[in-house]
Amino acid sequence: MSLRNKVTLIGYTGKEVEITNFENGNTKASVSLATNDHYTNAKGEKVEETQWHNLVAFGKAAEIFQKYVPKGKEIAVEGKLTYRSYDDKDGMKKYITEIRVDEILLLGSK
């Protein structure tokens, strides 16, 4: 994997994994991942900020998601940032940013 486009995240899944099976036998797994950041603002108050990330995985990584990753599971993933667009039913162009997962590490006890 190239260092030019590499993302590493640790967080908790926000929903059940969605599986898509294609006619050619390939499998795609999709799930959201929440990452939290903590900092102290100018007033001295502790602030927690949550970011949501869309994860997609194919092949073996998708199989691992399907078998071992329920909602609320803590995981670490490594992959690359990808962008795509599509036209919705009203003809409006929609843009999606995703992390294409190459490696997954199961964390926590859930």
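This is a short selection tour of a predicted model, moving from strand pairing to one buried residue and then to salt bridges. Residues are numbered from 1 along each chain as its sequence is written. Local features need pLDDT of at least 70, side-chain atom pairs count only at pLDDT 80 or more, and totals for chains, interfaces and linings use all residues, while side-chain values use heavy atoms, with hydrogens and water left out.

**Strands**

Select residues 7-13, strand β1, together with residues 74-87, strand β5. Helices (H or I, at least four residues) and strands (E, at least two) are DSSP runs, numbered from the N terminus. β1 and β5 run antiparallel and are joined by six bridges; two strands count as paired if DSSP finds at least two bridges between them. Within this pair, pick Leu9, which stands opposite Val77 in β5.

Next add residues 27-40, strand β3. This strand also pairs with β1 in the antiparallel sense, over two bridges. Here the residue to pick is Tyr12, found opposite Ala34 of β3.

**Ala34**

Centre the view on Ala34. Its relative accessible area of 9% makes Ala34 buried (buried is under 20% relative accessible area, exposed over 50%, partly exposed in between; 1.4 Å probe, protein chains only). What is Ala34 in contact with, leaving aside its neighbours within four places in sequence? The list is Ile10, Gly11, Tyr12, Thr50, Gln51 and Trp52, where contact means heavy atoms within 4.5 Å. For a distance label, take the C-alpha atoms of Ala34 and Thr50: they are 6.4 Å apart, with the two positions 16 residues apart along the chain.

**Salt bridges**

The structure holds six salt bridges, each defined as a side-chain nitrogen of Lys or Arg within 4 Å of a carboxyl oxygen of Asp or Glu. Three stops follow.

- Select Lys60 and Glu63, whose side chains meet at 3.9 Å, N to O. Both lie in helix α1 (residues 59-68), and because they are three residues apart, about one helical turn separates them. Lys60 is exposed at 63% relative accessibility, whereas Glu63 is partly exposed at 33%.
- Select Arg84 and Glu98, with an N to O distance of 3.0 Å. Arg84 belongs to β5 and Glu98 to strand β6 (residues 93-106), so this pair ties together parts that are 14 residues apart in sequence. Arg84 is partly exposed at 37% relative accessibility, and Glu98 is buried at 9%.
- Select Asp87 and Lys93, which form a salt bridge at 3.6 Å, N to O. Lys93 has a relative accessible area of 43% and is partly exposed.
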